[in-house]
Amino acid sequence: MNAHPPIPFSKPPRRSASGRLLGLIVASLLVLVSAACRPEPPPSATAPATSPASSPAGSPASRSAGLAAHDGLLVAAGGPLQIMTADGSLGTFDERAEPVVEVSAGGGVVIVVDPASLAWLGTSGGANQVAWRRFELPTDEHSQRPLLAVSPDGATIALATGPLQGRSFNLVLIDVASHASRSIPVDRGLNGPPAWLGLGSIAINVLGHDLHAGFVTVDATTGVVSDLPTVGFSIATSADGLAVALDESSTGDALVGTRANLDAGNVAGMTRIPSPPGFAADTVALSRDGTRLAIVRRSDQATSVEVLELIDAAWTRRTSLTLGADAVPSIAWLR
């Protein structure tokens, strides 16, 4: 597979990781004192554009173009939880009307965080069939907003607790059914939310003692912490951990490839998804089977959410919508 060279563009100043987290916190506070904001109506879906790619390991080379509502992309942007369908439209996910600022999903389990930093856990039985309950999280006096992620099987929640950009933090693994938890100390500075790399390990953006930002992996069984060669702030994998996507800080592009590419630091072996002029990739999310990719892109004027699908070994743009410049959307695939 040959990666496409990046398309030159005038890229807006890249926010630091701490700036991103600060922006998330500020957005949450704004929701508390204002009416819940709703995204602007989406524009028409863009014409398909393809980027050649080899099939991610463990994923089919193509899938049908239609995406059912219960199989879509969850979007939290300060109002009620929404879901994007194949035509690019956003609709209310279920009857829960409370505002949501963060979302994670896996194995039919959805967890959301409201502007007061309270977590709510929902079990999805399909479109508009979700049973919600409060999910108590360990108290963390250092964090104003939980940094968490649901495992691909929906059985475990990874929660990062500790001072941002300090010298160390704890990664807490919480069993969804029993609420039992165990804590893994990480001798790095907390710099971003966790992300599951399949079931066996969790990636998290950290600051090393040399103040260099990067990802480490934490083994969910042994607690062993290892450095991971990466080039960005956001990372996501398929449920089996074999297909991976991440942003590239230096260019603002998104990269998609295999876990083998990632472990070897083989950026050249990954497929490059260039950002439009003036935009930079901010957050990525891969579907359970690794054939659908969502990218949140930001510029000084707007925030966009784009969905691409792997069809006949090429990443094809399915749809895109534009939100306001101050929107800080959190995204997760329901399936």
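The legends below describe close-up views of a predicted model. Residues are numbered from 1 along each chain as its sequence is written, and side-chain values use heavy atoms, with hydrogens and water left out. Because the model is predicted, local features need pLDDT of at least 70 and side-chain atom pairs count only at pLDDT 80 or more, whereas totals for chains, interfaces and linings use all residues.

**View 1. The largest nonpolar core and Trp196.** The largest nonpolar core (buried Ala, Val, Leu, Ile, Met, Phe, Trp, Tyr and Cys residues joined through side-chain atoms within 4.5 Å; buried means under 20% relative accessible area, exposed over 50% and partly exposed in between, with a 1.4 Å probe and protein chains only) has 17 residues, of which Phe169, Leu171, Leu173, Trp196, Ile202 and Ile204 touch the most other members. At least two residues of this core come from each of β9 (147-150), β10 (156-161), β11 (169-175), β12 (181-186), β13 (189-197), β14 (201-207) and β15 (213-219), strands being DSSP runs of E with at least two residues and helices runs of H or I with at least four, numbered from the N terminus. Leaving aside residues up to four places away in sequence, the contacts of Trp196 (heavy atoms within 4.5 Å) include Ala149, Pro152, Leu173, Ile202 and Thr237. Another core, of 15 residues, lies apart from it and has Val101, Val113, Leu159 and Val172 among its members.

**View 2. The open sheet of four strands.** The strands follow the order β9-β10-β11-β12 with antiparallel pairing, where two strands pair if DSSP finds at least two bridges between them. β9 and β12 are the edge strands, each pairing on one side only. β9 and β10 are joined over four bridges in the antiparallel sense, and Leu148 stands opposite Leu159 in β10.

**View 3. The largest pocket.** About 920 Å³ of space lies in this pocket, and of its 48 lining residues, Ser104, Ile235, Val284, Ile331 and Ala332 lie nearest the centre. A pocket is an open set of points on a 1 Å grid over the protein atoms alone, where a 1.4 Å probe fits, with protein on both sides within 12 Å along at least five of seven lines; lining residues have an atom within 4 Å of a point. Grid points are joined across faces, edges and corners, and the volume is the space filled by probe spheres set on the points. Elements that each supply at least two lining residues include α1 (17-33), β5 (102-106), β21 (280-286) and β25 (330-333).

**View 4. The surroundings of Pro229.** Pro229 lies in the loop between β16 (225-228) and β17, and counts as partly exposed because its relative accessibility is 38%. Not counting residues up to four places away in sequence, Pro229 touches Leu262, Asp263 and Gly265.
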